[in-house]
Amino acid sequence: MSKMRIYQIAREMNVSVVKLLEMLKEVGIEKAGNFSTIEADEYEVIRELFAQPANQPAPAESSGNGRQPQPAAPAPERQPTGVPRPPVVAVLGHVDHGKTTLLDAIRQSQVALKETGGITQSIGAYQVAYQGKAITFIDTPGHRAFTGMRARGAQVTDMVVLVVAADDAVMEQTREAIAHARAAEVPIIVAINKIDVLGADVQRVKEQLAKEELVPEDWGGDTIVVPLSARTHEGIDSLLEMILLEAEMLDLRADPNAVAQGTVIESYLDPARGPIASVIIRDGTLHQREVILAGAAQGRIRALLNDQGQRVNEAPPSSTVQLLGLSQVPPVGAPLEVLSSPARARQIAQQRANEARRGRLERSRRTLAQILSDTAQSGALKLLLKADSSGSLEALESELERLKSEQIKLKLLYSGVGDISESDVILASSAPGSVVIGFRVKSDAGARALAEREGVTVRPYEVIYQIADDVKRALRSLLEPEYEEEIIGQVEVRQIFKIPRVGTIAGCYVRDGVVKRQAEVRLLRAGAELFRGQIASLKRYEEDVRAVEKNKECGIKLRGFDDIREGDQMEIVLVREVQRI
Ligand code: GDP
């Protein structure tokens with residue numbers, strides 16, 4: 001028997017993949033998903049499971065076509081809320097590998113099917129139906145749109161189709177796309193495109209994918225790889241089928257009766273129609289005339305247009321609509337909310353506009369220390385490395401590898417060869433507290449502007465050890481600081497001067513060690529500690545000094561403590577942060 005996959009068995013048993021996985025888990029068989037393989041003995045268990053007399057209700061998915069014995073599935077433990085919604089798919093990959101052509105091919109086949117005759121217009125995404133099930137494709141290809149949304153906390157995409165040309169190879173942007181998808185924690189389906197081209201080599205591409213830890217399922221891995229041609233349309237059906245399978249596995253749900261929540265995926269100012277935004281509806285249904293808020297833009301919906309350019313009255317979950325009626329152009333990635341009161345919408349929009357202005361000011365004043373403290377809060381130092389060659393990249397990676405320790409995490413979001421691009425900044429901005437490190441590379445103007453706007457730290461370096469030093473320092477800041485104290489001096493209070501409006505100055509004699517202005521003081525009287533704190537001023541004669549040595553006299557004023565008496569003792573304490581790496 002050739003190896004069976006979970007999704008094939010689910011089909012055979014006429015249950016959903018999710019249900020099948022749940023049932024298997026109950027009998028102690030843990031499988032990851034659609035493409036997990038089933039051994040012969042496990043298959044027997046499954047057959048038995050489904051052959052049991054039906055003393056419980058059959059699963060809802062059972063369409064009752066009579067092909068299979070009635071399943072006796074245990075009632076699911078959690079009842080998922082809402083109804084299944086279409087998956088939202090982003091197509092990513094290296095330039096010229098065929099993303100646009102593939103998106104067009106999928107859309108064309110669909111328009112032909114529907115025979116709507118409507119003029120298709122790009123509104124940032126479109127929906128097709130395959131085997132009666134809808135799929136939404138984001139049709140602004142490229143990482144920018146995808147991660148730009150994530151950078152603002154909007155997780156729009158449910159899965160990524162990674163396009164790799166069969167006559168080319170896994171390229172820099174392919175690896176970038178993989179990093180972006182992984183950062184978003186969404187599944188990747190690989191489309192090996194251009195199989196019609198002379199010189200296409202699917203095997204070679206699979207080998208390269210495996211090196212990126214995308215091991216094709218026919219090689220025992222769990223990555224779905226679909227060879228296809230966007231030009232001849234061969235294989236596109238399989239791709240759509242795989243997308244639907246993955247969607248079933250993800251068990252995507254939404255409530256069409258709820259108030260709509262969406263995300264802006266495209267926006268611009270139309271000279272005739274005013275601000276226009278395309279939104280993907282994440283949950284609920286958006287209706288004509290509703291009052292909406294997106295970023296600092298608000299308004300009442302004047303018109304909703306679908307991806308065929310037709311007016312519609314509502315937009316259900318996972319659909320995309322273009323909407324008119326906003327007060328200004330909202331940023332891509334902004335969440336769309338529906339409010340009941342126009343006045344409230346205006347008020348929130350105004351507040352947001354003010355906050356955004358303040359935020360820009362604050363970000364421009366951020367110090368490295370603040371950035372590092374952000375990093376500390378996130379629990380790990382996240383880095384994105386760009387270097388001038390793969391050789392220096394390797395050197396850099398191994399250098400950083402040495403800095404890892406048990407207590408601190410160092411996470412590499414992405415490493416690649418080439419100048420720092422907008423895409424790098426976007427990836428970094430989607431992981432708060434991350435830092436982009438460039439080694440002997442430049443950053444382009446777009447990347448710099450974006451970094452400024454998004455508050456992403458970009459650090460250029462020319463020397464490896466400086467990177468190591470800085471990273472070490474940053475890592476150190478992630479550890480709870482540990483302090484150690486050293487008594488560096490002993491002082492005797494011999495005389496008291498009370499000065500109006502200044503306070504008590506202690507005339508002291510340094511019996512041992514040294515008094516340092518920056519050190520702390522422990523004030524002791526008859527062996528008991530009365531005060532512990534800082535020195536407000538340290539003087540020798542009338543002059544402010546930084547340190548006074550043994551056998552010398554000085555005047556000490558304590559910060560916030562005046563009850564000093566003759567005969568008191570002071571211990572001068574130096575507090576040092578212990579460096580743990
Ligand atoms: P993108 O940059 O990833 O969006 O790539 P495009 O879709 O613009 O495609 C780049 C080039 O490859 C164009 O000239 C396409 O016509 C061509 N192309 C795309 N898909 C295929 C395919 O399946 N077969 C062949 N022969 N050419 C293709």
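**Close-up views of a predicted model**

**View 1. Polar atoms of N193, K194 and D196 meet the ligand.** A polar side-chain atom of N193 sits 3.0 Å from an oxygen atom of the ligand. K194 gives a second such pair, with a polar side-chain atom 3.0 Å from an oxygen atom of the ligand. In D196, an N or O atom of the side chain is 2.7 Å from a nitrogen atom of the ligand. On its own the ligand exposes 570 Å², and the protein buries 76% of that (accessible areas come from the Shrake-Rupley method with a 1.4 Å probe, and for residues only the protein chains shown count as cover). Polar contacts are pairs of N or O atoms within 3.5 Å; within protein, one atom must be able to donate a hydrogen and the other to accept it, and residues adjacent in sequence count only if both atoms are side-chain atoms.

A word on reading these views: this is a predicted model, in which local features need pLDDT of at least 70 and side-chain atom pairs count only at pLDDT 80 or more, while totals for chains, interfaces and linings use all residues. Residues are numbered from 1 along each chain as its sequence is written, and side-chain values use heavy atoms, with hydrogens and water left out.

**View 2. The shell around the ligand is made of 15 residues.** The closest of them are D96, K99, T100, T101 and D196 (a residue is near a molecule or strand if one of its heavy atoms lies within 4 Å of it). Which helix gives the largest share of this shell? Helix α4, residues 99-114, does, with 3 residues (helices, H or I with at least four residues, and strands, E with at least two, are DSSP runs numbered from the N terminus). By type, the shell has 3 nonpolar, 7 polar and 5 charged residues (Ala, Val, Leu, Ile, Met, Phe, Trp, Tyr, Cys and Pro count as nonpolar, Asp, Glu, Lys and Arg as charged, and the others, Gly among them, as polar).

**View 3. D96 and Q131 have positive phi angles.** Let's begin with a general point. Most residues other than glycine have a negative phi. D96 is not a glycine, yet its phi is positive, about 75°. Find D96 in the loop between β4 (88-93) and α4. With a relative accessible area of 63%, D96 is exposed (buried means under 20% relative accessible area, exposed over 50%, and partly exposed in between, with a 1.4 Å probe and protein chains only). Q131, also not a glycine, has a positive phi of about 50°. The loop between β5 (125-130) and β6 (133-138) holds Q131, and a relative accessible area of 59% makes Q131 exposed.

**View 4. R282 and D158 form a salt bridge between distant parts of the chain.** The closest N and O atoms of R282 and D158 are 3.8 Å apart (a salt bridge is a side-chain nitrogen of Lys or Arg within 4 Å of a carboxyl oxygen of Asp or Glu). R282 belongs to strand β12 (residues 274-283), whereas D158 is in the loop between α5 (143-151) and β7 (159-165), 124 residues apart. Is D158 buried or exposed? At 9% relative accessibility, D158 counts as buried. In total, the structure holds 23 salt bridges.

**View 5. R532 and E520 join two strands.** Their side chains meet in a salt bridge of 2.8 Å, N to O. R532 lies in strand β27 (residues 528-540) and E520 in strand β26 (residues 520-525), so the pair ties together parts that are 12 residues apart in sequence. R532 is partly exposed at 31%, and E520 is partly exposed at 24%.

**View 6. R525, D563, R565 and D568 share a network of salt bridges.** One link to look for is D563 with R565, whose closest N and O atoms are 3.5 Å apart. D563 has a relative accessible area of 37% and is partly exposed; R565 is partly exposed too, at 46%.

**View 7. R5 reaches out to a backbone atom.** The side chain of R5 comes to 2.7 Å from the backbone oxygen of E217. R5 is part of strand β1 (residues 4-5) and, at 10% relative accessibility, counts as buried.
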